Every structure is written in structure tokens, then in C-alpha cells.
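Reader: I would like to go through this structure item by item. Please give the reasoning first and the value or name last.

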Amino acid sequence: VCMGTACYVKGADKVVEAVQNQLKIKPGETTADNKVSLLTARCIGACGIAPAVVYDGTVTPRVTPEAAVEQIKKWR
């Protein structure tokens, strides 16, 4: 999850919180089944599509907390 200024202002903190609550892990941690890691970045250079999240190397634009949780459910 990008935590740069544009992403943060547009709700990146809420995305991180939703993922933390869903997975029961903190940024920098991986789930016990080793399927999902939660990482944050200072900036990924995608300010125009904030808040941006990278899923398996793919930058995803305008991610909502709900959309992030839905993506996680697909992996679990």
C-alpha cells in the first residue's frame, strides 16, 4: 500500500487498517499460511491514481478498503 502524501490524503491509511483487520497482521508481517504479506511504501509514484496498491506486482488504482479486503479474500 502506497503511503505517499497523495495516497494517504485519499485514504491509504484506511486501506491498511482494513487489511490489518482482515488478516490480523501489521505492516511488514506475513500471514501464518505465508499467502499474504502486508507492506507499505513511502511512495510508488502513482499519485494521479491515489490511493494505489500493488498486488503481486500490479499497480491498482483508487483502491478502497472494501476492494482491498475483496482482493485478499480471493487469495485465501
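Reader: Is lysine 73 buried, partly exposed or exposed?

Author: The model is a predicted one. Lysine 73 has a relative accessible area of 47%. Buried requires a value under 20% and exposed a value over 50%, so lysine 73 falls in between and is partly exposed.

Reader: Which side chain does lysine 73 meet in a salt bridge?

Author: Side chains of opposite charge can pair when their charged atoms come close. The cut-off for a salt bridge is 4 Å between the side-chain nitrogen and a carboxyl oxygen. For lysine 73 the N to O distance is 3.7 Å, and the other side chain is that of glutamate 70.

Reader: Where do lysine 73 and glutamate 70 lie?

Author: The two residues are three apart in sequence, about one turn of the helix. Glutamate 70 has 43% relative accessibility and so counts as partly exposed. Both lysine 73 and glutamate 70 belong to helix H3.

Reader: How many salt bridges does the count come to?

Author: One joins the side chains of lysine 73 and glutamate 70. Another joins lysine 14 and aspartate 13, with an N to O distance of 3.7 Å. The count of salt bridges comes to two.

Reader: Which residues is aspartate 13 in contact with, leaving aside its neighbours within four places in sequence?

Author: Aspartate 13 is part of helix H2, residues 12-23. Its relative accessible area is 26%, so aspartate 13 is partly exposed. With the neighbours within four places in sequence set aside, the contacts of aspartate 13 are Met3 and Tyr8.

Reader: How far apart in space are aspartate 13 and valine 1, C-alpha to C-alpha?

Author: In sequence, aspartate 13 and valine 1 are separated by twelve residues. In space, their C-alpha to C-alpha distance is 8.7 Å.

Reader: How many aromatic pairs does a search of the whole structure find, and what is the geometry?

Author: The search finds one aromatic pair. The rings are those of tyrosine 55 and tryptophan 75, with centres 5.7 Å apart and planes at 70°. Planes over 60 degrees apart count as edge-to-face, so the pair of tyrosine 55 and tryptophan 75 is edge-to-face.

Reader: Which parts does the pair of tyrosine 55 and tryptophan 75 tie together?

Author: Tyrosine 55 is buried at 13% relative accessible area, whereas tryptophan 75 is partly exposed at 28%. The two parts are 20 residues apart in sequence. Tyrosine 55 lies in one and tryptophan 75 in the other, so the parts tied together are strand E1 and helix H3.

Reader: How many disulfides does a search of the whole structure find?

Author: A disulfide needs two cysteine sulfur atoms within 2.5 Å. For cysteine 7 the nearest cysteine sulfur is that of cysteine 2, 3.6 Å away. For cysteine 43 it is that of cysteine 47, 4.5 Å away. The number of disulfides found is zero.

Reader: Is cysteine 7 buried or exposed?

Author: Cysteine 7 has a relative accessible area of 1%. The limit for buried is under 20%, so cysteine 7 is buried.

Reader: Where is cysteine 47 found?

Author: Cysteine 47 is partly exposed, with a relative accessible area of 48%. Cysteine 47 is 32 residues from valine 15 in sequence and 16 Å from it in space, C-alpha to C-alpha. Cysteine 47 is found in the loop between H2 and E1.

Reader: Which residues form a nonpolar patch on the surface?

Author: One member, isoleucine 44, is in the loop between H2 and strand E1 and counts as partly exposed at 33% relative accessibility. The patch has about 210 Å² of accessible area together. The residues that form it are Ile44, Val54 and Val59.

Reader: Which peptide bond is cis?

Author: Omega is near -10° for this bond. Its proline lies in the loop between H2 and E1. The cis peptide bond runs from alanine 50 to proline 51.

Reader: What is the phi of arginine 62?

Author: Arginine 62 is in the loop between strand E2 and H3. Arginine 62 is exposed, with a relative accessible area of 54%. Arginine 62 is a residue other than glycine, yet its phi is positive, near 45°.

Note on methods: Residues are numbered from 1 along each chain as its sequence is written. This is a predicted model: local features need pLDDT of at least 70, side-chain atom pairs count only at pLDDT 80 or more; totals for chains, interfaces and linings use all residues. Side-chain values use heavy atoms; hydrogens and water are left out. Helices (H or I, at least four residues) and strands (E, at least two) are DSSP runs, numbered from the N terminus. Buried means under 20% relative accessible area, exposed over 50%, partly exposed in between (1.4 Å probe, protein chains only). Contact means heavy atoms within 4.5 Å. Patches are made of residues with over 30% relative accessible area and no salt bridge: like charges are joined within 9 Å, nonpolar side chains (Val, Leu, Ile, Met, Phe, Trp, Tyr) within 5 Å. Accessible areas come from the Shrake-Rupley method with a 1.4 Å probe; for residues, only the protein chains shown count as cover. Rings of Phe, Tyr and Trp (its six-membered ring) pair if their centres lie within 6.5 Å; planes under 30 degrees apart count as stacked, over 60 as edge-to-face and the rest as tilted.
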